[in-house]
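Visitor: Please take me in for a close look at one part of this model: the place where charged side chains pair up. Start there, then work outward to what surrounds it.

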Amino acid sequence: MAKILGAFKSGVRAGFDPLGRALVRAGVSPDVVTLIGTVGVVAASIGLVAHGRFIAATVVITACCLLDVLDGSMARARGQTSRFGALLDSTMDRIADGALFASLVWWFFVSGDRLIALVALVCLIAALLVSYVKARAEGLGFSCDVGIAERMERLIIVGIGGLLTGAGLAWGLSAALWLLAVLSVITVGQRLEHVRRQARAAVART
């Protein structure tokens, strides 16, 4: 499964490379594309997700998330990566994820389904932890590119759930959030364990 998802991600990125090169030639900055994508996700989360308009929200958020892939293609087309651009991209991803899951918490809370609102809150916290553990680990010199629920996987699961609920299957989004909560917590554990093993190996070599 991991290989299939990896191949899918690589294929999506490669598909955006021609457009990325064209935008770079036109003088468009990857940072601008990053900001536009984030604004779109935040707007769709507040204006659509928080009001239960899940099909429209899934379409808009998917389009905006593809801009996140596009800015990576543009960075590769420029032949260099900006450290500020990488920081901006990671920061905007956290803002977008926060807006999406916070809007889901709000929707289920005001709809009276407090349990699923709590599950959505777990997804929000776990999503932030998944990213934080990786960032902190890499800052300490460890690799941490592991886990079964990275950002693309999280968005795909939520998107499928949103489409199912929007199509009339009320359980779709709830089931997706339960699944995502479990997978995200597992991912945090996977990353912590991965780093722990590296740390122990480093101590053993000294």
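Guide: A salt bridge here is a side-chain nitrogen of Lys or Arg within 4 Å of a carboxyl oxygen of Asp or Glu. Side chains of opposite charge can pair when their charged atoms come close. Keep in mind that this model is predicted.

Start with Arg 151 and Asp 68. Their side chains meet in a salt bridge, with 3.6 Å from N to O. Arg 151 belongs to helix α6, residues 151-166, and Asp 68 to helix α3, residues 54-77. The two are 83 residues apart in sequence, so this pair ties together distant parts of the chain. How covered are the partners? Buried means under 20% relative accessible area. Arg 151 has 16%, so Arg 151 counts as buried. Asp 68 has 21% and therefore counts as partly exposed.

This pair does not stand alone. Arg 151 and Asp 68 belong to a network of salt bridges. Its other members are Asp 93, Arg 94, Asp 97 and Arg 154. The structure as a whole holds nine salt bridges.

Now look for empty space. A search of the whole structure finds one cavity of 30 Å³ or more. The largest cavity has a volume of about 90 Å³. Its lining has 13 residues, and those closest to the centre are Gly 37, Thr 38, Cys 64, Asp 68 and Asp 93. Three helices give two or more residues each to that lining: α2 (30-47), α3 and α4 (83-110). The most comes from α2, with five residues. Note the overlap with the charged network: Asp 68 and Asp 93 are members of the network and are also among the lining residues closest to the cavity centre.

Cys 64 in that lining raises the matter of disulfides. The structure holds zero of them. Cys 65 is in no disulfide, and the nearest cysteine sulfur, in Cys 64, is 7.0 Å away. The cut-off for a disulfide is 2.5 Å between sulfur atoms. Cys 65 is buried, at 15% relative accessibility. Cys 123 is buried too, with a relative accessible area of 1%. The closest cysteine sulfur to that of Cys 123 is in Cys 65, 16 Å off, which is too far for a bond.

Back to the charges, with two further pairs. Lys 134 and Asp 145 meet through their side chains in a salt bridge, 3.6 Å from N to O. Lys 134 lies in helix α5 and Asp 145 in the loop between α5 and α6. They are 11 residues apart in sequence, so the bridge ties the helix to the loop. Lys 134 is partly exposed at 24%. Asp 145 is exposed at 56%.

The other pair is Arg 196 with Glu 193, at 2.8 Å from N to O. Both lie in helix α7, three residues apart, or about one turn of the helix. Arg 196 is partly exposed, with a relative accessible area of 38%. Glu 193 is also partly exposed, at 26%.

Helices α5 and α7 meet our tour again on the nonpolar side. A nonpolar surface patch covers about 830 Å². Which elements supply it with at least two residues each? They are α5 (114-139) and α7 (171-205). The largest share, seven residues, comes from α5. Members of the patch include Leu 115, Leu 118, Val 122, Trp 178 and Val 185.

Two patch members deserve a closer look: Ile 125 and Tyr 132. Ile 125 sits in helix α5. Its relative accessible area is 46%, and Ile 125 is partly exposed. Tyr 132 sits in helix α5 as well. At 52%, Tyr 132 counts as exposed, because the cut-off for that class is over 50%. From Tyr 132 to Gly 20, the C-alpha atoms are separated by 28 Å, and the two residues are 112 apart along the chain.

To recap: Arg 151 in α6 pairs with Asp 68 in α3, the pair belongs to a network of salt bridges, and Asp 68 also lines the largest cavity.

Notes: Residues are numbered from 1 along each chain as its sequence is written. This is a predicted model: local features need pLDDT of at least 70, side-chain atom pairs count only at pLDDT 80 or more; totals for chains, interfaces and linings use all residues. Side-chain values use heavy atoms; hydrogens and water are left out. Patches are made of residues with over 30% relative accessible area and no salt bridge: like charges are joined within 9 Å, nonpolar side chains (Val, Leu, Ile, Met, Phe, Trp, Tyr) within 5 Å. Accessible areas come from the Shrake-Rupley method with a 1.4 Å probe; for residues, only the protein chains shown count as cover. Helices (H or I, at least four residues) and strands (E, at least two) are DSSP runs, numbered from the N terminus. Buried means under 20% relative accessible area, exposed over 50%, partly exposed in between (1.4 Å probe, protein chains only). On a 1 Å grid over the protein atoms alone, a cavity is a set of points where a 1.4 Å probe fits but cannot get out, and a pocket is an open set with protein on both sides within 12 Å along at least five of seven lines; lining residues have an atom within 4 Å of a point. Grid points are joined across faces, edges and corners, and a volume is the space filled by probe spheres set on the points.
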